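Hi everyone, thanks for making time for this one. Have the sequence and the model open if you can, and we'll walk through them together.

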Amino acid sequence: MDRHPISQEGYDKLREEIRHLENEVLPDIAQRIADARAEGDLKENAEYHAQREAQGMTNLKISKLKSKLASCYIADKSSMPKGQVTYGSVVTVKNLDDGLDEKYEFVGPGEEDYMGEVMKILTSSPLAQGLLNKKVGDKVEVDVPSGKLHFEVLEIEDMED
């Protein structure tokens with residue numbers, strides 16, 4: 001299994017989400033199941049069935065979050081190599097297909113944010129995998145699900161913890 005870097009903050013965020021789901025959401029759902037069960041006939045009790053489904057979905061989410069954490073290691077951004085694209089780097093690239101400049105920060109699981117001015121993408125994504133270890137001036141062809149993209153690395157900002 002490949003292990004992915006994550007910041008201490010990202011790790012703590014995922015742990016807190018798991019804690020919240022296990023200690024607050026699941027007990028609340030269990031209480032609602034008990035209340036619905038007390039109403040009698042379970043065959044036609046829509047509230048009971050809805051809460052059982054919510055319980056299953058919450059347990060699945062907890063399982064996925066725990067699996068995500070298990071595949072991570074806490075990385076110190078300041079120890080990453082300088083001058084090349086790595087976890088924690090903010091990279092400006094020119095898309096050679098349309099001429100536009102794009103800016104990405106490479107992050108770990110749970111830290112991604114596709115709506116910010118700088119798009120935070122997972123180091124495990126096809127785009128990040130194609131750009132990792134590249135240097136300023138390197139031209140790259142990246143295979144993504146929609147085809148091939150062509151980039152030139154314009155700038156690398158090494159981030160410090």
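Let's begin with residues 81-157, which an unreviewed UniProt entry annotates as "domain: Transcription elongation factor GreA/GreB C-terminal". Please keep in mind that what you are looking at is a predicted model. Across residues 81-157 the chain is 44% strand and 8% helix, and the C-alpha atoms at the two ends of that span are 11 Å apart.

Find strand S3, residues 90-95, and follow the chain towards S4; Gly-99 sits in the loop between them. Gly-99 counts as partly exposed, at 39% relative accessibility. Which residue does Gly-99 approach to 9.2 Å, C-alpha to C-alpha, although the two are 52 residues apart along the chain? That partner is Phe-151.

Carry on through S4, residues 101-107, and you reach the loop that leads to strand S5, residues 119-122; Tyr-114 is in that loop. Tyr-114 has a relative accessibility of 45%, so we call this residue partly exposed. Tyr-114 also belongs to a nonpolar surface patch, together with Met-115 and Met-119. Taken together, the three have about 360 Å² of accessible area.

Next comes helix H3, residues 126-131, and Ala-128 is one of its residues. Is Ala-128 buried or exposed? Ala-128 is buried, and its relative accessible area is 0%. I'd like you to hold on to Ala-128 for a moment, as we'll use this residue as a landmark.

Just past H3, on the way to strand S6 at residues 139-144, there is a loop that contains Asn-133. Have a look at the backbone there: phi of Asn-133 is near 75 degrees, a positive value in a residue that is not glycine. As a reminder, most residues other than glycine have a negative phi.

One more pair in this part of the chain: Glu-141 and Lys-148 make a salt bridge, with 3.7 Å between their closest N and O atoms. Glu-141 is partly exposed at 48% relative accessible area, and Lys-148 is partly exposed as well, at 45%.

Now back to our landmark. Ala-128 and Ala-38 are 90 residues apart along the chain, and their C-alpha atoms are separated by 52 Å.

That takes us over to the N-terminal side. The UniProt record, again an unreviewed entry, gives residues 5-74 as "domain: Transcription elongation factor GreA/GreB N-terminal". This span is 79% helix and 7% strand, and its end C-alpha atoms lie 6 Å apart.

The helix I want to show you here is H1, residues 8-37. Does its length add up, or what should we expect from 30 residues? At 1.5 Å a residue, H1 should span 44 Å, and the distance between its end C-alpha atoms is 42 Å, which agrees. H1 does bend, though, by about 35 degrees at Leu-21.

Leu-21 is also one of the buried residues of H1, and the others include Leu-14, Ile-18, Leu-26 and Ile-29. Towards the end of the list is Ile-33, also in H1, which is buried because its relative accessible area of 5% is under the 20% cut-off. Ile-33 and Tyr-48 are 15 residues apart in sequence, yet their C-alpha atoms are 5.5 Å apart in space.

Let me finish with the charged side chains. How many salt bridges does the structure hold? There are nine. In one of them, Glu-16 meets Arg-19 at 2.7 Å, N to O. Their positions in H1 are three residues apart, so about one helical turn separates them. In general, an α-helix has 3.6 residues a turn, so residues three or four places apart point the same way. Both are partly exposed: Glu-16 has a relative accessible area of 39%, and Arg-19 has 31%.

Right next door in sequence, Glu-17 forms a salt bridge with Lys-61, and their closest N and O atoms are 3.3 Å apart. Because Glu-17 lies in H1 and Lys-61 in helix H2, residues 46-70, this pair ties together parts that are 44 residues apart in sequence. Glu-17 is partly exposed at 27% relative accessibility, and Lys-61 is partly exposed at 41%.

That's my tour, and I'm happy to take questions.

Technical notes. Residues are numbered from 1 along each chain as its sequence is written. This is a predicted model: local features need pLDDT of at least 70, side-chain atom pairs count only at pLDDT 80 or more; totals for chains, interfaces and linings use all residues. Side-chain values use heavy atoms; hydrogens and water are left out. Patches are made of residues with over 30% relative accessible area and no salt bridge: like charges are joined within 9 Å, nonpolar side chains (Val, Leu, Ile, Met, Phe, Trp, Tyr) within 5 Å. Accessible areas come from the Shrake-Rupley method with a 1.4 Å probe; for residues, only the protein chains shown count as cover. A salt bridge is a side-chain nitrogen of Lys or Arg within 4 Å of a carboxyl oxygen of Asp or Glu. Helices (H or I, at least four residues) and strands (E, at least two) are DSSP runs, numbered from the N terminus. Buried means under 20% relative accessible area, exposed over 50%, partly exposed in between (1.4 Å probe, protein chains only). UniProt positions are given in the numbering used here, feature names are shortened, and annotations may be inferred rather than shown by experiment. The expected span of a helix is 1.5 Å times one less than its number of residues. The bend at a residue is the angle between axes fitted to the seven residues ending there and the seven starting there.
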